[in-house]
Amino acid sequence: MESQTIVEALLLGLLEGLTEFIPVSSTGHILLAGHFLGFHSTAKAFEILIQLGAILAILSVYFRRLWKMLLELPHDRLTRHFVIGILIAFLPAAVIGALAHDFIKTFLFESPRLICIMLIIGGVVLLAVDRLKLKPFYHDVERFPTRLYLQIGLFQCLSLIPGTSRSGSTIVGALLLGVDKRAAAEFSFWLAMPTMVGAFAFDLFKNRNVLTSADLPIIAVGFVAAFVTALFVVRFLLDFVSRKGYSLFGWWRLVVGGLGLVALMIWG
């Protein structure tokens, strides 16, 4: 195991945790960084599997609420409505992602230019939506109408294109559908749980025959780094977007996408 590879895995894990829950596309950032670092993982599994660290970070922050929901699920109508709503929102991207998995991993993950373009387009959209004078009608994620859960889930399908952002597509969709800024970010957290667990399990299953014991230390380093940084982001993001909105992340995307295109023209 080369020490350089471990350092690269550490850096990419930190980047995953930092960007997973903000609308800038963690997968796009990791694929771009890996491209310029010369980092290569078996079947691009590292980029998906280290998301388990970010998943555990959000589960640890929401553990008490999740436990309470589990206890209330059999007899509380509102809790059942919310859990069913999350599952409804999860299904569209799950079905399309499973059907298009090989195409996404083989072609879209291998196109850094596409990722940069999607970062820029997403940045423009995020800035435009953040400036709109939208009147929010929905403030409580547990009380969304069933159709709203489905509509946000359809927006999440856009994130199957690397560089678009899972949280970005769900947040923008929620804002356009009348959800306030804090609730939009919070629901993206809840929707991340089944989505990321599903992506992790499916990718692990698909690559069960190509991953070797040599891959485990690299994945483990990325996993731990992602957990630590994601824990920090999850604890502070909701308050930040409530006060500042999403424009910072729009500019972030424009800068990274623009610099990425320039770097590709120079270094390829």
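This report describes selected features of a predicted model, moving from its annotated segments to its buried parts, its charged pairs and its surface.

## Segments annotated as transmembrane

An unreviewed UniProt entry places the feature "transmembrane region" at residues 48-67, 79-100, 112-129, 217-238 and 250-267. These positions come from the record, and such annotations may be inferred rather than shown by experiment.

The predicted model can be set beside two of these spans. Residues 48-67 are 90% helix and 0% strand, and the C-alpha atoms at the two ends of the span lie 26 Å apart. Residues 112-129 are 100% helix and 0% strand, with end C-alpha atoms that are 26 Å apart.

## An enclosed helix

Helix 10 covers residues 166-176, and because 10 of its 11 residues are buried, this helix is largely enclosed by the rest of the structure. The buried residues of helix 10 are Arg166, Ser167, Gly168, Ser169, Thr170, Ile171, Val172, Gly173, Ala174 and Leu175.

What lies over these buried residues? The cover includes helix 8, helix 9 and helix 11, the last of which runs over residues 181-206. After helix 10 comes Gly178, a residue whose phi angle is positive, near 100°.

## Glu142 and its surroundings

Glu142 sits in the loop that runs between helix 8 (112-131) and helix 9 (146-156). With a relative accessible area of 18%, Glu142 counts as buried, because the limit for that class is under 20%. When neighbours within four places in sequence are left aside, Glu142 is in contact with Arg65, Leu78, His81, Phe82 and Tyr149.

One of these contacts, the one with Arg65, is also a salt bridge between the two side chains, at 3.1 Å from N to O. Glu142 lies in the loop between helix 8 and helix 9 while Arg65 lies in helix 5 (residues 63-72), so the pair ties together parts that are 77 residues apart in sequence. Arg65 itself is partly exposed, with a relative accessible area of 30%, whereas Glu142 is buried.

## Salt bridges elsewhere in the model

Side chains of opposite charge can pair when their charged atoms come close. A search of the whole structure finds nine salt bridges, and two further examples are described here. In one of them, the side chains of Glu72 and Lys68 meet with an N to O distance of 2.7 Å. Glu72 and Lys68 are four residues apart in helix 5, which means that about one helical turn separates them.

In the other example, Asp203 forms a salt bridge with Lys105, and the closest N and O atoms of this pair are 2.8 Å apart. This pair links distant parts of the chain, since Asp203 is in helix 11 and Lys105 is in helix 7 (residues 101-106), 98 residues apart. Are the two partners buried or exposed? Asp203 is buried, with a relative accessible area of 2%, and Lys105 also counts as buried, at 10% relative accessibility. Elsewhere, Arg65, Glu142 and Glu186 are joined into one network by salt bridges that share partners.

## Cysteines

How many disulfides does the structure hold? A disulfide is a covalent bond between the sulfur atoms of two cysteines, and the structure holds zero of them. Among the cysteines, Cys116 counts as buried at 0% relative accessibility, and Cys157 is buried with a relative accessible area of 14%.

## A nonpolar patch and a partly exposed alanine

Val7, Leu10, Leu11, Leu14 and Leu37 make a nonpolar patch of about 390 Å² on the surface. Helix 1, which covers residues 3-19, gives the most to this nonpolar patch, with four residues. Leu14 is placed in helix 1, and at 34% relative accessibility Leu14 counts as partly exposed.

Another partly exposed residue is Ala98, with a relative accessible area of 34%, and Ala98 is found in helix 6 (residues 77-99). Ala98 and Met196 are 98 residues apart in sequence, and in space their C-alpha atoms are 13 Å apart.

Technical notes:
Residues are numbered from 1 along each chain as its sequence is written. This is a predicted model: local features need pLDDT of at least 70, side-chain atom pairs count only at pLDDT 80 or more; totals for chains, interfaces and linings use all residues. Side-chain values use heavy atoms; hydrogens and water are left out. Patches are made of residues with over 30% relative accessible area and no salt bridge: like charges are joined within 9 Å, nonpolar side chains (Val, Leu, Ile, Met, Phe, Trp, Tyr) within 5 Å. Accessible areas come from the Shrake-Rupley method with a 1.4 Å probe; for residues, only the protein chains shown count as cover. A salt bridge is a side-chain nitrogen of Lys or Arg within 4 Å of a carboxyl oxygen of Asp or Glu. Buried means under 20% relative accessible area, exposed over 50%, partly exposed in between (1.4 Å probe, protein chains only). A disulfide is a pair of cysteine sulfur atoms within 2.5 Å. Contact means heavy atoms within 4.5 Å.
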